[in-house]
Amino acid sequence: MVEEDTEIDCVLRPMNCEINLLSRSDGSTMFMQGDTTIVAGINGPMEVKSQKMAYDKLSIEVTYTPLTGPAKVDDRLIETYIRESCESAILVSLHPNTMICINLQEVQDSGGLLACAINASCLALINSGLSMKFTIAAVSCMIEKETGKIIMDPDNTQLKNAKAEFTYAFDSINKDIVCCHSVGRFSQSEFLASVDKCKQVSQFIFDFYREITKKYANTV
Amino acid sequence: MREVPLTNCERNFVNKCIEEETRLDGRRLLQPRPVKIYFGSKWGCCMVSLGHTKAIAQVSCDIRQPKTFRPNEGTIYINVELAPLAAQHFESGRQSEAAILISRQLEKCFKDSKCVDLESLCIVADKKVWSLRIDINIINHDGNLIDCASIAVLAALMHFHRPDVTSTGEEIIIHPASEKDFLPLTLFHYPVCVSFITFENGNTIMDPTYIEERVGVAELTLGMNSYRELCSLHFDYLTKTMTVEDVISAVSNHAANYATKLVQDIKEAVAKDVQSRYKKDDSDTSRFKESIQTNKITTMISDHISIKLQKWDETMIEDHAEIENNNKSCIIKHEEGSAELISVFDDSINKEESFNSTYDSDSDNQCLELSNPEKKHIIIDLVDDSD
Amino acid sequence: MPVDQKRINGPESSVPYNIYIHSEIKNKGIQPDAPKRHDGRSNNELRNIFLKTGIISQAKGSAYIEMGNTKIICSVFDPREVPNKTGYCVQGELFCEFKFAPFSHHKRKMHQQDAEEKEYSLILQRALEPAVCLQEFPNFQVDVYATVLDNGGSALAAAIMAASLALANAGVPMFGLVTASTVGIYDHTYLVDPTDTEETFCCTKSVPGTVHNHGIIIQAALPQHGQISEMFVVGSVDTDTIVHSMDLISEAHKDICPLLEQCLVKTVFKTFRPNIKKTDTK
Amino acid sequence: MDLQYKTIHPVKYLQDHLEQGIRPDGRKFLSFRPVSVNVSSIVQADSSAIFKLGDTSAVCGIKAELATPKADIPDHGYIVPNVELSPLCSPKFRPGPPSEQAQVLSKLIDIVLSNSRALDLKDLCICKNKLVWVLYCDILCLNYNGSVIDACIGAMIAALKTLTLPEINYNSETGVIVTHPENRKAFTVRTLPVSASFAIFEKQLLLVDPSDDEEDMSSTRFSIVMDDEEEICYIHKPGGIPISQNLLCKGLEMTKVRAKSIRSVINAAISTLNVNNIETNSPK
């Protein structure tokens, strides 16, 4: 599994995005990684329902809508990942007694949906102007069944012969692990190798955030 | 969150504008907003934007047993989802009244007008038929959801291709795309919805925006196909105070003309995308990526990013093998199919506590032993004494 | 039926395998005239009862009861304000929920409460209410949850007893303990504390015209006061039978009540002298 | 006094304990709670297990039923795991449809089952295209005191391991099904995944097997599931404060040791049962 040369080439799918595309949300983005597309919208901070109120911090509500079919148990898991990841990034104590809604719509899934959803919500949060401790970037990768090679940001066709698939999210300051999700069986060294690679790749996503924000911040 | 009430200022302003035959976005009274259709990479997936209103439709299919009173017909199910993404006052989870109203209108327009050839969806009569499911997700609500949704449904249905099946008496084989090309659906006619709103002063406008919808007093939605036939009609007084003169006859001709033109546009868009797919040509299709305009300041398009990664160095990880394994534990087996793992601490206080919390001796039990006084009960936590 | 979107769903329909068992292999029910019952008891005999309190640490009070194969766990929580209530209410309320675990029954139970469970919840509430000093917590409600882990017959009676123990364990002021017992009636046979097969036998296997009396009587009582708090009858029984079964039941109550008392006394001992048993724990 | 302090100032109560290097329940930071397993005590279920982790306890009951397979995978049976966090187990839950937490837990269990490949759904096939087994695994939490996922996975795996299914004869010509309830065959479980949960507090302090209070006040939590061959089946960290890779490694090492001992407890419980069964069954 360990290759001889010190540098490994890998290719990320093209990232495309449009921010502020929804007129009814306070911050929104359409984020694409390859063909995987997510539309995210942020509303708030606003009034909170009494049963969900937290007196000392901002509460976060996440709604994820799949493209086909009714809402399922699977979507609740994605919502949990996004809520807990974003909660760590946002300065929640700045807005006590209020809530924000993060609404996500799956548009197209061709691999790496969770990573794309986390990135889209982070970008939408940046767009909404909420104060954050750090930004988060999610990276997905997989281990190929036959070769044991780690492939970054795989798409659906590559995932068909995956032994294991990982999604990690990192913070922008220390590059520590914010969230972690895995599919399939794998050994400890495979896990550590994949964390390390994804950590390096996450820098490119942070750069992308910076680029897009720079582009429109100049004119604002 | 409740819908934010409309201020009187806004109401009066909109009313006055309409009176002067101008609209907030500069359109004429009977002018619709521009329609854009983008197709996804899967069959039967499209995103439609009508001005700022945006909807995504996806057609999917699976094999089911047909309804008993229509044994040789496939089924269609239309589901409209109004998530909080579209507008914050929509609630996720359960279907709101608005969502039911829209899906019912779409059902009338597409299902009840029999525009899809359901008989061709039959595989084995009375046993197995294709069941189509159309999911419409509204992602931005800027008025006239029904028109936007109907365009999305029509485009998705025209674009959709289902897998081919062969029936060998008992079993059926579903062919993947690699074996046999997918088949398009057969549509008999192409209906779309066209909506109008009438205002207090009697002026009627086409394709209302969100604010116009809230100010208007009566709404009319006509389901028209390209042959100028009426497929569905929905008329509703939004306020109970006004009587509206005959709008239907006034606008129906205009609606029919617009519907014909719109259907023509949709057909062209679908045909273009389908043709390029058949040619395996990726350059000229309206994929979702195309909806992102390159030159806008809020957009960013990047290419494949090639990265050179540092090789992962195994020595980077500190050795954690020295984790102190001083939590000795022992396993206690009990007779009735149960076992316990109890940590043995060096600390005697802990030991006593842990024993006390996990293991209650027999003296805790009270047994009413009428039948079998000799039988000894060994009861550990929740234990059965069945056999 | 709409699909439950909040759970992981299996196939649209499935059938238990038991229905395909050859009918000869299925046991032939109960012989009413046999001297001994299936499990070797005589007709008036109760099954062994095992009781334990404080089994759920997160609850205010809890109890676990085992009667033969029947296993029920019950928990009681701190009083809380009655939700969606306007105005002052002099008396507190009991909220009872009775639930069969999906795997507890011969036939798999659905997750949502069915009609039977709702009825049992109500009976549980009515059986307990007379024993609880409701005036002590006006405008508040006490939640009682009972879950049947394994149904070996007489589940409702066992649940009532477990609930009353749990209430006492939670320190809810009460007038007395509630005991309950079940009698299955088939013709002139009275089966005290019936098992699940005996229960179904008493309820269903009656050929019209041959047997007049068949059914089940469940009675809850406060034996310390000689009062009956709830009575529940299914089937068709004549008045003489009812009178006779009442005698049987009150006998049973007399046997059961000391057990509940003893169990509570043990609990109290344990609270005040937690070290007492350390010596005999191995 | 202790109790009042805890009620009034729960955060400080915990912090004071942690500063002294001990946890409120008397454990050290890296010590697990005792485990007790009991199998096959529920008569009405096809197999069942109760798994206790300190106070936390979960019971899993499996009911097997028959159904027709899906058209696209005609030789696969179904396994339907569902976790019920009923109001019985903690004042946190209210009656009604499953809370979001219960849904997430059900999904996690489902993921662990499919990731670990502990069972082959093809084993559940009776007749291709016609008849397969459906295993309804219902997991009921009886006492909610932290690390519930560990207890749920433990209960489910122990129940699956002891599952026996009756022999079914299916006549493909006539479609007649006959059950032989006396011939029960054991069901193969390929591996025993074991989960361990961790909680992280400020300054990257790692606590293993957290209780409910510790979970509530922690900055983040994660769980690791490992199978027989020390392969990782699932790493679940839903969010919370960022943690370093080293902490995860530490967790992995701890899980390795823990998984081994939990597997031996489950096996010990099953072994006592088998002996017992043979003894009681032989006279019949």
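Visitor: What makes strand S4 (residues 36-46) of chain A and strand S6 (residues 99-108) of chain A a pair?

Guide: Good place to start! In this predicted model, eight bridges join S4(A) to S6(A), and the two run antiparallel. Two strands pair if DSSP finds at least two bridges between them, so S4(A) and S6(A) qualify. For a spot to look at, find Thr37(A), which stands opposite Gln108(A) in S6(A).

Visitor: Which strands form the open sheet, and in what order?

Guide: There are six, in the order S5(A)-S6(A)-S4(A)-S3(A)-S2(A)-S15(B), with mixed pairing. From one strand to the next, the twist averages 15 degrees.

Visitor: Why are strand S5 (59-65) of chain A and strand S15 (299-301) of chain B called edge strands?

Guide: Each of them pairs on one side only. Note the chain letters here: S5 belongs to chain A and S15 to chain B.

Visitor: Which strands of the sheet does helix H1 (residues 73-89) of chain A touch?

Guide: H1(A) packs on the sheet by touching S5 and S6 of chain A, and its direction makes about 145 degrees with that of S5(A). Helix H2 (residues 113-128) of chain A lies across strand S2 (15-19), strand S3 (27-33), S4 and S6 of chain A. H2(A) runs at about 145 degrees to S3(A).

Visitor: How do you know that the span of helix H4 (residues 148-161) of chain D agrees with its number of residues?

Guide: At 1.5 Å a residue, the 14 residues of H4(D) should span 20 Å. The end C-alpha atoms of H4(D) are 20 Å apart, so the two agree.

Visitor: And what makes H4(D) mostly covered?

Guide: A residue is buried if 20 or more other C-beta atoms lie within 10 Å of its own. In H4(D), 14 of its 14 residues are buried, so "mostly covered" fits.

Visitor: How many residues does each chain bring to the contact between chain D and chain C?

Guide: Chain D brings 45 residues and chain C brings 39 residues. S3(D) gives the most to the side of chain D that touches chain C, with eight residues. By class, that side of chain D has 28 nonpolar, eleven polar and six charged residues.

Visitor: What makes strand S1 (residues 15-16) of chain C and S3(D) a pair?

Guide: Two bridges join them, and they run antiparallel. Pairing needs at least two bridges, so S1(C) and S3(D) meet the cut-off. Here Val15(C) stands opposite Leu66(D) in S3(D).

Technical notes
Residues numbered from 1 in each chain as written. Chains lettered and ligands numbered in written order. Predicted model: local features only at pLDDT ≥ 70, side-chain atom pairs only at ≥ 80, totals over all residues. Helix = DSSP H or I, 4+ residues; strand = E, 2+ residues; numbered from the N terminus. Expected span 1.5 Å × (residues − 1). Buried ≥ 20, exposed ≤ 12 C-beta atoms within 10 Å, placed from the backbone. Axes fitted to C-alpha atoms, helices over the stretch in contact; angles between N-to-C directions. Contact = placed C-beta atoms within 7 Å. Nonpolar A, V, L, I, M, F, W, Y, C, P; charged D, E, K, R; others polar.
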